[in-house]
Amino acid sequence: MAIVGPSGAGKSTLLALLAGLDVPTTGRVLLADADLTALDEDGRARLRAERVGFVFQAFHLIPALTALENVMLPLELAGRRDARAEATQTLGRVGLGTRTGHYPRQLSGGEQQRVALARAFVTRPAVLFADEPTGNLDAATGTRVCDLLFEMNRDLQTTVVLVTHDHVLAGRCARALHMDAGRLV
Amino acid sequence: MRALAIALRALSREWRSGELGVLLLALAIAVSALTAVGFVVSRVSAAVDLQASEVLAADLRLESPSPLAEGYLAEAHRRGLATATSIGTLSVVFHGDASQLTAVRAVSDAYPLRGVVTTAASAFGTPTPAHGIPAPGEVWAESRLLATIDASVGDDVSIGAAQLRVSRALVSRPDQVSSFAELAPSLLMNTADLDATQLIQPGSRARYAQLYAGNRDDIAAFKSWLTAHKQRGERVLDISESSPQVKSAIDRAGRFLSLASLVAVLLCSIAVAMAARRYVQRHLDTVALMKTLGATRAFTLAVSLSQLALIALIAAGIGAAAGYVAQAWLVYALRGLLAVTVLPPPSLVPIALAIITAMAVLAGFALPPLLQLARVPAIRVLRRDVGPPPLGVWLAFWPAAVAIIGLVGWVVRDTWLMAGFVLGLAAFLVVLALGGLLLVRVTGAMRGRVGVAWRYGIANLARRRAESVVQVVAFGLGIMVLLLLALVRRDLLEDWRASLPAGVPNFFFINIPPDERDEFLAALKDAGGEATRALPMIRGRMTAIDGRALDALAYPREDGEGFANREQNLTWTMDLGADNRIVAGRWWRAEDVGRPLVSIATEYRDSVGIGLGDRLTFDVAGESFTVTVASIREVQWDSFQPNFFLVFPPGLLDATAGTWMTSAYFPPGAPRPMAQLVKRFPSVSVFDLDGILAQVRGVIDKAAVAVQSVFMFTLLAGLTVLLAAVQASRDERRFESAMLRTLGASRRTVRAGVLAEFLTLGALAGLLAAAGASLAGYLVAKHVLDVRYSFDALVWLWGLAAGAVLVAGGGWLATRAVVRQSPLLALRGGG
């Protein structure tokens, strides 16, 4: 599913509310049968660890950790023992099996976003939120990253909710919601 | 465990970002400053503990300024105790024309009853335990003495009227530790030779001791007997009474040095706080991301805390190791000041101190921002402008205050001293900070008149004003203390010596027997000395004031009890002397001769609380008499003429056996016929004021080196503050440097700007330091040494130079990488 709309329409705010990064002043948000508005900050964090994945426009990899360690992080946060094997396998799936020991600054933008994709899918989340995933990439790289995103969406049966300006990208989604001035139109 | 694993993994990478390095350095320096002092104190204390039973060279010791009755020894023998005797006096020892005032100790056969005397075959040779005591006709002289009088083992030296052969070099004797800073070198001789030296005459200054040893019960029983039978003026000493004094002296010195090192700890704490702030700034995104990925607040806090705890442990290890190296240097600097020559290895207690210090500094200065870091909301991953809620005043200041007060309290273990130190330091830092702020402002105002590089540099100082002031204060403080110590050590002591009027006596003579007085004064005159007045001197004790026993009195000052109870030197004369001024009552007239009156010095009025008309009871040689205070005198002690606190009219004590004292001036460079004088008058003790001054200067020099060494840590701490400040501004500097170069500035111009910034900063710190040192020097000169302060331009020159070189050098090294970077990389935000 894609959320599209002009700048300042409230797309990112909606995404933050859906993912429990922020809480609404009124109303409720239900995510995977849980009422986010009834949970405290740590409760929402635990829910995210179990059910939610993220991909950001600016990649947001942790510079101090290698590609592999970045992918292992959500598994470790969820307390998984097989983090290393699982992360290595997922990195292989995004085509970075040979670059596991590299640090983010040693990778190109496209590679960094593929590490971010691996990190998002490695926990096999129920929902993946993507905020302008191709915004910082050139057209060709962006297309490759999108292909990978939809491929994993198909293979792992993960619901992908993406915020984008890119109408081509939105067109590839099963459903597109249009936003303007804080409302769905 | 997961948090620890992640913390460990990230630590090595974090290392390269720099602020953890600053954190580690600052902590390690703080730790090493405190542990270095801790190690030294532990070593010296352990030495005293070890020697506790040897301090007396016996289990029990009876001491007196007058000869001790043989009856005590007989009683001790009857009880099956071992005994020995020791008589100590000060005398000048000669070898050819060279002479040295020496602590001469004559001992009997069984000495020492506890502990060992160590000697060497030659001066400064390898010590070996000695068997017995010097044979009659022989002496063992300390290496220091041999060096001063240019003698070697095997030479004959003159002691009083006797010629004795040096058969060994004395390294240590058990009962020397009781004087912590013994100025005169010592010499051990056989009691059998004492009469031949004629050192001891009736009324001579000497310390008589009888030593007893045996099993514990016998000693305890004998101690009670001795306490019951001893005469007034005789002191019974056992182990429990002798060592606490030394221990408390060491304890005080240790606490002073620890306080000095706490200044370095404080500065390091500032660096820690700065580094922690930057750590937090750089980790806001990471923590927000971890939270987005499902990390709880506790988990993110655990990651940061484990990193910090690891750093604290590493810093404690490095700091303790550096402290261990530094203590070796401190012990070396203090050599000679400590009576003990071989110190036991330090205890491990200071390592606990190291860990506690590192943890306390981190908890006080790094924990609050870290707690803040854990509160950054996850939404920051989408909206960069969202940060953690601001740090409350409560959290920002209290942990730091608690950490510092806790550390100070732990070091000084005295509430009032702690409060005084904390408040004093705070006030002092505020004054320094205001001075620094003023300087930074004035400099900022001048920037319109300088070239582009300087303008850029000075603009940077003004823009980061708070950081600039902190750095100026940190460096200023370190440089100031070093300057002040150098000033006091060199200039002020010289000034004091120079401020004494020409012709002030430079030799003192005591123990002149009454029947040799006229002959001695004539001989002194013949030898070219200008003798001042000669006064009789007898000793006695004050036993009551207005009929009340001394221990029943309250004294206005702390030293009053000591003044009242000590053995008093008494004199009588009709001449008031130009250096004495009557401030109350009146001086003797002809009709006062033989009347029971006394004149006291103002010190006795102020400390003991004696006033005009008070009746003082004295015991002189077993006879008791009471006199009335008829006048109070203000004495100008630095006239270096014989002067007394208590002066009687003639005719009252004349019948008592006493000795005479006088002082004389020998012009510098003129031949000083002391050798002949002392040979002719063996019982007279000579004090060479120049020699004593040189010895005092030696002591001050060593103490100053030790304190200066401790303050080197302060300077190092200042460097870490500089590093932390540069770290904190690194991203900003990188961007600015890239911007300037993009605008066409050459690398050279950018570099000149940075250099200008740090040169100015250093010069400001040096200026502040020189001003502070000059002011403190003036205060010391005026209130402590009572000399006129002479302005020293060199202090300002040194201050400026030291500040500029240190700060410019440090800043230059720290910013090198930033300046070298290519502008494109920097503007793209790459590193």
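Begin by selecting chain A and colouring it by burial: of its 185 residues, 52% count as buried in this predicted model. Switch to a cartoon view of chain A, and you can trace seven helices and eight strands. If you then display contacts within chain A between residues at least 6 apart in sequence, 70% of these join residues that are at least 24 apart.

Next, show both chains and turn to the place where chain B and chain A touch. Select the contacting residues, and the selection should hold 30 residues from chain A and 22 residues from chain B. The size of an interface is often given as the accessible area lost when the parts come together. For chain B and chain A the area buried between them is about 2,500 Å², with 64% of it on carbon and sulfur atoms.

Which side chains meet in a salt bridge here, with 2.7 Å from N to O? Select Glu41(A) together with Lys291(B), whose side chains form that pair. The count of salt bridges between chain B and chain A is two, and there are also six residue pairs in polar contact, both residues of each pair being at pLDDT 80 or more.

Staying with the side of chain B that touches chain A, highlight α1 (2-14), α7 (239-292) and α8 (297-333) of chain B, each of which supplies at least two residues to it. The element that gives the most to this side is α1(B), with six residues. Colour the same side of chain B by residue class, and you will find 11 nonpolar, five polar and six charged residues.

Now leave the interface and centre the view on Thr89(B), which is found in strand β2 (residues 82-95) of chain B. Is Thr89(B) buried or exposed? Its relative accessibility is 10%, so Thr89(B) counts as buried, the cut-off for that class being under 20%. Leaving aside neighbours within four places in sequence, the residues in contact with Thr89(B) are Thr102(B), Ala103(B), Val104(B), Leu199(B), Ile200(B), Arg205(B) and Ala206(B). Draw a distance from Thr89(B) to Arg205(B), C-alpha to C-alpha, and it should read 6.5 Å, although these two residues are 116 residues apart in sequence.

Finally, colour chain B by pLDDT, for which the mean is 81, with 88% of residues reaching 70 or more. Then select residues 177-182 of chain B, where the pLDDT is below 50, and where the model places 15 contacts beyond near neighbours in sequence. For the model, the scores are ipTM 0.86 and pTM 0.65.

Conventions. Residues numbered from 1 in each chain as written. Chains lettered and ligands numbered in written order. Heavy atoms only, no water. Helix = DSSP H or I, 4+ residues; strand = E, 2+ residues; numbered from the N terminus. Buried < 20%, exposed > 50% of the residue type's maximum accessible area, 1.4 Å probe, protein only. Contact = heavy atoms within 4.5 Å. Buried area = accessible area lost by both parts, 1.4 Å probe. Salt bridge = Lys/Arg side-chain N within 4 Å of Asp/Glu carboxyl O. Polar contact = N/O pair within 3.5 Å; in protein donor to acceptor, adjacent residues only side chain to side chain. Nonpolar A, V, L, I, M, F, W, Y, C, P; charged D, E, K, R; others polar. pLDDT = per-residue confidence, 0-100.
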